[in-house]
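Please study the sequence and the structure shown below. The briefing that follows describes them topic by topic.

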Amino acid sequence: MKITHYGHSTFSIEVKGIHLLVDPFISGNEKVKDKVNIEELKADYILLTHAHQDHTLDAEAIAKRTGAVIISNFEITTH
């Protein structure tokens with residue numbers, strides 16, 4: 001298992017070749033937006049804890065690029 005903290009609430013977890021991304025907030029995060037390229041992040045699943053922008057900002061773009069499944073409550077995933 002490999003866990004990487006990307007700042008604020010964003011983590012990636014790699015387990016047996018599966019990539020989980022938690023609360024992707026990169027492009028709006030001044031501390032990491034120039035250090036982490038969202039176009040290079042891997043994701044099979046994106047986990048969203050709640051709907052605040054500082055937890056969901058890059059989820060849609062990453063999911064569209066990677067084909068990742070977004071996992072969260074009904075209201076967030078259908079938005």
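With which side chain does the side chain of histidine 52 make a polar contact? The partner is the side chain of histidine 50, at 3.1 Å; a polar contact is a pair of N or O atoms within 3.5 Å, and within protein one must be able to donate a hydrogen and the other to accept it, while residues adjacent in sequence count only if both atoms are side-chain atoms.

The model is predicted: local features need pLDDT of at least 70 and side-chain atom pairs count only at pLDDT 80 or more, whereas totals for chains, interfaces and linings use all residues. Residues are numbered from 1 along each chain as its sequence is written, and side-chain values use heavy atoms, with hydrogens and water left out.

**The sheet**

- Five strands form an open sheet with mixed pairing, in the order β1-β2-β3-β4-β5.
- Helices (H or I, at least four residues) and strands (E, at least two) are DSSP runs, numbered from the N terminus, and two strands pair if DSSP finds at least two bridges between them.
- The edge strands, each pairing on one side only, are β1 (2-7) and β5 (69-71).
- From one strand to the next, the twist averages 20°.
- Strands β1 and β2 (residues 10-15) run antiparallel and are joined by five bridges.
- Glycine 7 has threonine 10 of β2 as its bridge partner.

**Helix α2 and its two sides**

- Helix α2 (residues 59-66) packs on the sheet, where it touches β3 (18-22), β4 (45-47) and β5; contact means heavy atoms within 4.5 Å.
- The direction of α2 makes about 170° with that of β4; axes are lines fitted to C-alpha atoms, for helices over the stretch in contact, and angles run from 0 to 180 degrees between N-to-C directions.
- The buried residues of α2 are Ala59, Ile62 and Ala63; buried means under 20% relative accessible area, exposed over 50%, and partly exposed in between (1.4 Å probe, protein chains only).
- These buried residues cover an arc of only 100° around the axis, and therefore lie on the same side of α2; the arc is that of the directions from the helix axis to the C-beta atoms.
- An α-helix has 3.6 residues a turn, so residues three or four places apart point the same way.
- The cover over the buried residues of α2 includes β3, β4, α1 and β5.
- Glu60 and Lys64 are exposed on the other side of α2.
- Glycine 67, just after α2, takes a positive phi of about 80°.

**Salt bridges**

- There are three salt bridges, each being a side-chain nitrogen of Lys or Arg within 4 Å of a carboxyl oxygen of Asp or Glu.
- Side chains of opposite charge can pair when their charged atoms come close.
- Lysine 64 and glutamate 60 form one salt bridge, with their closest N and O atoms 3.0 Å apart; both residues lie in helix α2, four residues apart, about one turn of the helix.
- In the salt bridge between glutamate 39 and arginine 65, the closest N and O atoms are 3.6 Å apart.
- Glutamate 39 lies in the loop between β3 and β4 and arginine 65 in helix α2, so this pair ties together parts that are 26 residues apart in sequence.
- Lysine 33 and glutamate 30 meet through their side chains in a salt bridge of 3.2 Å, N to O; lysine 33 is partly exposed at 33% relative accessibility, and glutamate 30 is exposed at 61%.

**Histidine 52**

- Histidine 52 is placed in the loop between β4 and α1 (53-56).
- From C-alpha to C-alpha, histidine 52 and phenylalanine 11 are 16 Å apart in space, and they are 41 residues apart in sequence.
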